[in-house]
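Student: I am new to this structure and would love a guided look. Please begin with the whole chain and then stay with one part for a while.

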Amino acid sequence: MPAATSKKRSAKVVDGPAPKKKKTDQGTFLVKQKRSKPLTASVDEDEDEENEEDLEDDVDFIHNDNNDEFSDDQQPKTPKDPNAVREARETQRALMTHRKSLKPHASLLSDAKSIWALARAQNISSAERQKHIKDLMECIRGKIRDIVFKHDASRIVQTLVGYGGKEEREAVAKELSEGGGGSWRELACNKYSKFLVTKLLRLLPSSPLRLSIYQSLSQAQGGVLKLLLHREASSVLADAFELYANAYERSLLLKEFYGKEVNLFDVPTRKVTSKALSDVNEEEKSKATRGLLGILENADTEKKKRVLRAMKDNLENIFNNPDKGAIEHAIVHRALWEYLESISALPKDQEGEKNKMRRDMFELILPHLPSLVHTTSGSRAVREYIARGSAKERKNIIKQLKPHVVKMASDEEASLVLWCLWDCVDDTKLIQKSILVPLLTPSNPSTSHILTLLSTPTGRRTILYTLVPRSTRHFTPALIRSISETDKVRDEAGESKKEPKIREKEIREGVGKILVEFVEDSLKEVERNGKDKGKDVLTDPALTLVTGEIMLYAEDSSSEAFKEGAIKVLCKVLCSPYPQDEDVHLIDLPHTSRLYKTLLQGGHYNHQSKSIDGDAVRKGLWDPRIFAVDLVDIVEEILVEMCTQGERGGAFVVAELVGALVEPPPPNSDSHKEDEGLDFKVKEARQKLKKWFNKEVREEIRKGEGKGWKVLLERLEIL
């Protein structure tokens, strides 16, 4: 009999906001969440995808689950006589059937597999599937715990839980709970039944039975720590903590890290048996959800030290066994952050002891820093060490993170670590050499890390943080609060000597030339191949924002004219005929038009102050008059066509162009020093505009009544 082939789903990628419920013909399923992926992972592995059955076409266990009983040595040699071959196969089949019948629950499994094959079929109606699910439940009721540890029977129960309703799921969970406190731990440690545990946690979000699972996993002394170091159970505990647990359930799993004293005398051990958290009073729940700080709130200093020593020993046990994989899990990172938080909460007169405890833990976790930064707590712990660390410690942190900076820049939590380094490390030459150059320089000529970063929101923010850190235009208030958490710690530690403004300027100088060259090369590709075949720096709304910030704020101490090439190409790409018959001209794209307006204004329009934010102009980083002169010299009379024909999308741009040529530079501007050559070019450009936009053209603009015609005519009057 030919071997059955296994057909597997392509992996689902869950990114961005929380996934919505997915409707299927079998009912409502929650889209499966994924744990945050460590940066050190080289391939996209998905254990659950390979082992869970519920929606996959997998191996046909009904006919083919015991073929491995006959090894190559046991296989009889194939006779030349076809009849003999057929007889040998029939004998083999009969022997296999006999062996299966001798196994425990053979008859039950045979009946269950027959119903299972019907229940998991993909081309049946919801009503028919529910009928088979109920039959399957009746078939295995009372025997679930006996069969769930088998590889094929475990899949049967997973199908029952996946396609069944709340009643079937709770019946399975209740039956498995009857084995006592160790039953769920035993299930979590099994190669096959561990997937059933995570499936029940996911599909029973509000059932009191789910809380009993968490209590069972954390009930035995040292149970959680042992499970974390177990090959099979480690992933179950990681999923249970990071994906499915609420604050109180997380506290149940974390309490094992606090040591025996806390578990015996400070944490309630009674079992909740009804209505989920209703048995837990609010004071107890609030104390538990605050973590170790809540438990040690009223404790004396000596007790705090004992608890922290016990916690350090438990964390040391985890970090000294990196091959077990527990270092990458969020539960370990949360315990580490609570440890550091509790150290900071010790009295001020214990400063020497506090520094020693932090230093000892730093030496322990230093080789494993890349495995910590992808979670919220792990990222926060690493940022704490960056903010408090000495120059030598920060150098060691950079050395460990250097191979992973490209991945970190696109990761939501890990990117905060990079930004913290830019905010704290005084040695900006080291930052440029070890982080910025590997981050922005392509590994080979055919690829560009910058383009990769620009394709994700977090990657774009990483680039923007080098130019306009903490700008409310690009960073949300919540994100700015997260970034600012280490500011006070950095100032208290006193290891950062430079003024933040100086550090920001040096970072801008480190990336300015690279970013401007990238914009110039991308624009040249647009000029050669057209906007649809070139890179999206002018056609993608998000990328035009980044392009604008690069042109405004990029800085290079070695050359003042390093933006000239990019400015000229920005003008050349507008030289295509206007309007275009079959395509949309660049100037008619709202985000592209806004980019040119912003550059001609010298900054973004601030809706609160009702004025232009001309910070780049005041700092001497951008001169809108140079851009305006080049725009007039290169685009020429196409500017008139943009205001009188087609969509007339150039009206606002030309209005700002006139403003840039007419309005005097700010009195405190560093860049607008007396330049007779530039002043002459500005006068020439104004004369050209006067000639092109004569009375006839202005009358045509007035009659056309395109967008912005009033603003344009007002500006033309002051030429």
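Among contacts in the protein chain between residues at least 6 apart in sequence, what percentage join residues at least 24 apart? After that, please take a close look at helix H19.

Tutor: Happy to! This is a predicted model, in which local features need pLDDT of at least 70, side-chain atom pairs count only at pLDDT 80 or more, and totals for chains, interfaces and linings use all residues. Residues are numbered from 1 along each chain as its sequence is written, and side-chain values use heavy atoms, with hydrogens and water left out.

Your percentage is 73%, where contact means heavy atoms within 4.5 Å. The protein chain holds 39 helices and four strands; these are DSSP runs numbered from the N terminus, helices being H or I of at least four residues and strands E of at least two. Of the 719 residues, 49% are buried (buried is under 20% relative accessible area, exposed over 50%, partly exposed in between, using a 1.4 Å probe and protein chains only).

Now to H19, which covers residues 330–344. With 15 residues at 1.5 Å a residue, H19 should span 21 Å, and its end C-alpha atoms are indeed 21 Å apart; the expected span is 1.5 Å times one less than the number of residues. Because 12 of those 15 residues are buried, H19 is largely enclosed by the rest of the structure. Among the buried ones are Ile331, Val332, Leu336, Trp337 and Leu340, and the list also includes His333, Glu338 and Ser342.

Another charged residue worth a look is Lys303, in helix H18 (residues 301–319). Lys303 is buried too, with a relative accessible area of 14%. Leaving aside neighbours within four places in sequence, Lys303 is in contact with Glu261 and Asp266.

For a view of how helices meet, turn to H14 (residues 247–254) and H16 (residues 282–289), which pack at about 65° with their axes 8 Å apart. Axes are lines fitted to C-alpha atoms, for helices over the stretch in contact, and angles run from 0 to 180 degrees between N-to-C directions. Ala247, Tyr248 and Ser251 of H14 meet Glu284, Lys285, Ala288 and Thr289 of H16.

Finally, H36 (residues 651–662) and H37 (residues 676–692) pack at about 140°, their axes 9 Å apart. Here Leu657, Val658, Leu661 and Val662 in H36 meet Val682, Ala685, Arg686 and Leu689 in H37.
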